[in-house]
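Student: I have a structure to work through. Can we go over it by short questions, one point at a time?
Tutor: Yes. Look at it here, then ask.

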Amino acid sequence: MGSQEPHKPSGFRAFLRRLTAGQAELEADELQQDLDRHGATPIASCGGRRRFCVTGTLRTVTLRPRGGAPALEAELYDGSDVIDLIWLGRRKIAGIEPGRMVLAEGLVSLQDGRKVMFNPRYELRPAGGA
């Protein structure tokens, strides 16, 4: 029986899984693989008041004033959870748009039960996580 390696589906099993999996499940799997490539932490593992590097796809981008000043808010999804990226004092940032892959780094906090990163450092990623 020897040592056990983590189970990975064979080529045929992986092919069958891709045929039967829903689009959301396939997207989540692809985003999880992107985490490993960029050394990012899964959003689900991010706790409050610590710095993290996260990566994923922007689902929504909204201009929402905070305290009378503009704030650009974007929801980042990595296949495990979502985090709100908020740039205070910004109305628009070139390339920050729904569907875009982004790598972001900053302090994670909780606000109204949601994970939030204010004014993160970010890097726009090409489609497909290359």
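Student: Which strand holds T55?
Tutor: The model is predicted, so read each value as computed from that prediction. T55 falls within residues 50-63. That run is strand β1.

Student: Is T55 buried or exposed?
Tutor: The cut-off for buried is under 20% relative accessible area. T55 has 1% relative accessibility, so T55 counts as buried.

Student: Which backbone oxygen does the side chain of T55 reach?
Tutor: The limit for a polar contact is 3.5 Å. The side chain of T55 has a backbone oxygen at 3.0 Å. That oxygen belongs to V102.

Student: How far apart in space are T55 and P42, C-alpha to C-alpha?
Tutor: In sequence, T55 and P42 are 13 residues apart. In space, their C-alpha atoms are separated by 8.1 Å.

Student: Where is E75, and is E75 buried or exposed?
Tutor: E75 is in strand β2, which covers residues 71-77. Its relative accessible area is 16%. The cut-off is under 20%, so E75 is buried.

Student: Which residues does E75 touch, leaving out those up to four places away in sequence?
Tutor: Take them in sequence order. One group is T57, L58, R59 and T60. Then come V82, I83 and D84. The list ends with R114.

Student: What is the distance between the closest N and O atoms of R114 and E75?
Tutor: A salt bridge needs a side-chain nitrogen within 4 Å of a carboxyl oxygen. R114 and E75 form one. Their side chains are also joined by a polar contact. The closest N and O atoms are 2.9 Å apart.

Student: How many residues apart in sequence are the parts tied together by R114 and E75?
Tutor: R114 lies in strand β5, residues 114-118. E75 lies in strand β2, so the pair ties together separate parts of the sequence. R114 is partly exposed at 34% relative accessibility, whereas E75 is buried. The two parts are 39 residues apart.

Student: Which residues are joined into one network by salt bridges that share partners?
Tutor: Start from E73. E73 meets R64 in a salt bridge at 2.7 Å, N to O. E73 also meets R66 in one at 3.0 Å, N to O. Shared partners therefore give one network: R64, R66 and E73.

Student: Which residues of that network are partly exposed?
Tutor: E73 is out, because its 9% relative accessibility makes it buried. R64 has 42% relative accessibility and R66 has a relative accessible area of 27%. The partly exposed ones are R64 and R66.

Student: What does the salt bridge count come to?
Tutor: Side chains of opposite charge can pair when their charged atoms come close. The pairs above, including R114 with E75, are part of the count. The count comes to seven.

Student: How is the aromatic pair of W87 and Y122 described: stacked or edge-to-face?
Tutor: A search of the whole structure finds one aromatic pair. The ring centres of W87 and Y122 are 5.5 Å apart. Their planes stand at 80°, and the cut-off is over 60 degrees. So the pair is edge-to-face.

Student: Which strands does the aromatic pair link?
Tutor: W87 and Y122 are 35 residues apart. W87 is buried at 4% relative accessible area, whereas Y122 is partly exposed at 34%. W87 sits within residues 82-88 and Y122 within residues 121-125. Those strands are β3 and β6.

Student: Which residue lies over the face of Y77?
Tutor: Here a charge sits over a ring if it is within 6 Å of the ring centre and within 35 degrees of the ring normal. The distance from the ring centre of Y77 is 3.8 Å. The residue is R59.

Student: How many disulfides does the count come to?
Tutor: The sulfur atoms must lie within 2.5 Å. For C46, the nearest cysteine sulfur is that of C53, 9.1 Å away. C46 is also buried, at 6% relative accessible area. The disulfide count comes to zero.

Student: In what order do the elements run from the N terminus on?
Tutor: The protein has two helices and six strands. From the N terminus on, the order is α-α-β-β-β-β-β-β.

How values were computed. Residues are numbered from 1 along each chain as its sequence is written. This is a predicted model: local features need pLDDT of at least 70, side-chain atom pairs count only at pLDDT 80 or more; totals for chains, interfaces and linings use all residues. Side-chain values use heavy atoms; hydrogens and water are left out. Rings of Phe, Tyr and Trp (its six-membered ring) pair if their centres lie within 6.5 Å; planes under 30 degrees apart count as stacked, over 60 as edge-to-face and the rest as tilted. Helices (H or I, at least four residues) and strands (E, at least two) are DSSP runs, numbered from the N terminus. Buried means under 20% relative accessible area, exposed over 50%, partly exposed in between (1.4 Å probe, protein chains only). A polar contact is a pair of N or O atoms within 3.5 Å; within protein, one must be able to donate a hydrogen and the other to accept it, and residues adjacent in sequence count only if both atoms are side-chain atoms. Contact means heavy atoms within 4.5 Å.
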